[in-house]
Amino acid sequence: MGLLDGDIKNSVFNAAQGVFLDFTVRNPNQGTYDKDAQAFTGGGAPTSYPCKGIVEDYTDRERAESNITEKDRKILLLAGSISVKPKQGWEVEDNNGNKYEIVGPIKTDPAGATYQIQGRL
């Protein structure tokens, strides 16, 4: 077990959970895409996962250096507040009811305490 395993992740969660807001991450459960039928098959009802998060704007520098649009926001979720790792194509809903599609790869800090998500309105 490394220095960053567990202890730091739990410490970040305990320290930040009062500052982070109630969010929901949704897996749309679309199933798999059938190229022949040009449709998703085998899907089910969306699954919701409550969690704690915050939304920030990207800096002008971040936008200039990558594929980030004006509609994109940086979403930070506490990993200790959610039972699954979010994936591209899922949705994040913030405490104000804004819904963001997860469009970029999910980044995790070295301690695994947070998920950084590129969300698009």
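## Exercises on a predicted model

The side chain of R63 reaches the backbone oxygen of D72 at 3.3 Å, a polar contact in the sense of N or O atoms within 3.5 Å, one able to donate a hydrogen and the other to accept it. The model is predicted, so that local features need pLDDT of at least 70 and side-chain atom pairs count only at pLDDT 80 or more, while totals for chains, interfaces and linings use all residues. Residues are numbered from 1 along each chain as its sequence is written, and side-chain values use heavy atoms, with hydrogens and water left out.

**Exercise 1.** Describe the surroundings of R63, and state which side chain of opposite charge is nearest.

Step 1: place the residue; R63 belongs to helix α2, residues 60-65, where a helix is a DSSP run of H or I with at least four residues and a strand a run of E with at least two.

Step 2: consider burial and charge; R63 is buried (under 20% relative accessible area with a 1.4 Å probe, protein chains only; exposed is over 50%, partly exposed in between). The nearest side chain of opposite charge is E70, 4.1 Å away, and R63 has no salt bridge, a term that requires a side-chain nitrogen of Lys or Arg within 4 Å of a carboxyl oxygen of Asp or Glu.

Step 3: add the backbone partner T69, whose oxygen the R63 side chain reaches at 2.2 Å. Beyond neighbours within four places in sequence, R63 is in contact (heavy atoms within 4.5 Å) with Y58, I68, T69, E70, D72 and R73.

**Exercise 2.** Characterise the aromatic pair formed by Y49 and W90.

Step 1: the structure holds one aromatic pair, and its members, Y49 and W90, are stacked, at 6.0 Å centre to centre with 10 degrees between the planes. The criterion takes rings of Phe, Tyr and Trp (its six-membered ring) with centres within 6.5 Å, and planes under 30 degrees apart count as stacked, over 60 as edge-to-face and the rest as tilted.

Step 2: because Y49 lies in strand β4 (residues 47-56) and W90 in the loop between β5 (72-78) and β6 (91-93), the pair ties together parts that are 41 residues apart in sequence. Both Y49 and W90 are buried.

**Exercise 3.** Is K85 buried or exposed, and which residues does K85 touch?

Step 1: K85 sits in the loop between β5 and β6, and at 41% relative accessibility K85 counts as partly exposed.

Step 2: setting aside residues up to four places away in sequence, K85 touches W90, I106, T108 and Y115.

Note on methods: Lys and Arg count as positive and Asp and Glu as negative; His and the chain ends are not counted.
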